[in-house]
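Please find below my notes on this model, set out as numbered points. They follow the order in which I went through it.

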Amino acid sequence: MKPVFIVSTDSDEAKKISEIFSKEQKVAIIESSNRLRAILNASAMVILDHSFYAKYGLEYFKGLLKNPHPPVLMIAPPGDTQVMVDIMEIGIRFIPKVPDYQKLLGLIVNNTLSQVQEKEQLKQNVLSLQLRVEELEKAGSEQKDRQDGESYPETKPHEVKEKILDEIIFVFKRGKIELPTLPQLGVKFQEMMNKGANIREIGKLLKQDMAISSKLISVSNSVYYRGVAENKNLRQAVNRLGLTDTKRYVDTICNRSLYATENKKFLRLLERLWEHSLACAYASQILDESLALGLEVDAFTLGLLHDIGKLLLLQIIGELQKSNKIGDNIESSELLHTINTHHGKFGAALLKKWKFSENFVRAASYHNNLKAADYLSKDLLMVHFGNLMVKSMGFCMSDQEEIQPEEIDLEDTESARSLGLNAVMIDEFKQKVSGYMNELTGLLT
Ligand SMILES: [Fe+2]
């Protein structure tokens, strides 16, 4: 986030104002009109002390704010109505400098900054989606100009890979792909947790969804959580699981619904992808706990969402087939190749759109290509290793009836080396993941 500028000719006053925010926010004090003009757009917002306005006057600010600029808020002495009218006309907001004005100022600045951040995020999302399209265009074959409803020639197998990409780009550009929305119950849960809601309040929210409530009760009675008595209602279940684990399972159950499909051909692929994602979520959680990685974000959720780009691409391709935009004769090896090559970028774009933090976006982007990452954070290494480990255990996306575990020398991977893993530890992690998967997968489906 860019800094907040505090603009004043009175340096004592400027310091006092800056102390209100300097703990959570970068601030810079500006005392000269030339400097302010030169760097105005490097700020997230400007807090203007009336001393500065009194010195430079209305005309200066009219000139300064002619072009797009960050929000400007003036602390004005109460009673000078003409000044307030003048500044409002040129788009400066104000708060009166009453005793104890600092509280009001803190509130308004926080509000303004979150609006600025939201706008910035939106801009980023649009940019990142545009970037994806450009990258895909480069990777795809020559773009053909096509119109709606036009029929497509029969596809030859060697053209399929390009054709899928071509088609995705085409519908993407027309805004015809509806990106899935993040399940709302999980979002509300997070909002309530951010506000410091207690178990009783969370229980009230979850009660509205019978399916989730009953699954949470089953999970709380599984061997991992089982207490002396069997839980019979949601309140008991949430009490036993605690808020963190309840949140994880709510996310998991909500997420599960995204893996549904009407395209029978993709059913097996999506089921396997779901199991792979869940196994990777457990693997990440186990790695985080065993190695005490102290991550900023929840390891389980990071693992659960790392392949969301594969889900998105499968859903898009399924839709395209349903509307006959792509033939049914796609070779599955071509399909999987396309998905494997491009899922990182699509996943990253979707997670950005869902407003997940940079850690999630990076895990989705680089978990199968560490070389492309600008730096290797612990959470990225964790997901990289978790992903490979569960593949080696047979939790991998494949449409073969028989599951073929991938042969991977886990010890000889960059993430294992960086995290300091050895064969004994890896074996123990695998056993733990198997335990969780055997016991809990059925209860979450
Ligand atoms: Fe994966």
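**Notes on the model**

1. I began with helix 1, where the buried residues are Ala-14, Ile-17 and Phe-21. They sit on the same side of helix 1, because the arc they cover around the axis is only 65 degrees. The spacing fits a general rule: an α-helix has 3.6 residues a turn, so residues three or four places apart point the same way. The other side of helix 1 carries Asp-12 and Glu-19, both exposed. This is a predicted model, and these remarks should be read as such.

2. Which strands make up the sheet, and in what order? The sheet is open and has five strands in the order 2-1-3-4-5, with parallel pairing. Strand 2 and strand 5 (93-96) are its edges, each pairing on one side only. On average, neighbouring strands are turned by 25 degrees against each other, direction ignored.

3. Strand 1 (residues 4-7) is covered on both faces. Val-4 and Ile-6 are buried on one side, and Phe-5 and Val-7 are buried on the other. Strand 1 pairs with strand 2 (residues 27-30) in the parallel sense, over four bridges. In this pairing, Val-7 of strand 1 stands opposite Ile-30. Between the two strands the chain passes through helix 1 (residues 11-21), giving a β-α-β crossover that is right-handed.

4. Strand 1 is also joined by four bridges to strand 3 (residues 45-49), and the two run parallel. Here Ile-6 stands opposite Ile-47 of strand 3.

5. Is Ser-8, in the loop between strand 1 and helix 1, buried or exposed? Ser-8 is buried, because 25 other C-beta atoms lie within 10 Å, and 20 or more are enough for that label. Ser-8 also has a partner that is remote in sequence: Phe-52 is 44 residues away along the chain, yet the C-alpha to C-alpha distance is 4.9 Å.

6. Two helix pairs deserve a separate remark. Helix 7 (residues 184-194) and helix 10 (residues 234-256) have axes that come within 9 Å and cross at roughly 160 degrees. Helix 7 and helix 10 are therefore roughly antiparallel to each other, since angles over 145 degrees count as such. Their crossing is left-handed.

7. How do helix 15 and helix 16 pack? The axes of helix 15 (residues 358-366) and helix 16 (residues 378-392) are 9 Å apart, at an angle of about 40 degrees. Helix 15 is therefore oblique to helix 16. The crossing of helix 15 and helix 16 is right-handed.

Terms used. Residues are numbered from 1 along each chain as its sequence is written. This is a predicted model: local features need pLDDT of at least 70, side-chain atom pairs count only at pLDDT 80 or more; totals for chains, interfaces and linings use all residues. A residue is buried if 20 or more other C-beta atoms lie within 10 Å of its own, exposed if 12 or fewer, and partly exposed in between; C-beta atoms are placed from the backbone. Two strands pair if DSSP finds at least two bridges between them. A crossover is right-handed if, with the strands pointing away from the viewer, the path from the first strand over the helix to the second runs clockwise. The arc is that of the directions from the helix axis to the C-beta atoms. Axes are lines fitted to C-alpha atoms, for helices over the stretch in contact, and angles run from 0 to 180 degrees between N-to-C directions. Angles under 35 degrees count as roughly parallel, over 145 as roughly antiparallel, 65 to 115 as roughly perpendicular and the rest as oblique. A crossing is left-handed if the near helix is turned anticlockwise from the far one by less than a right angle, and right-handed if clockwise.
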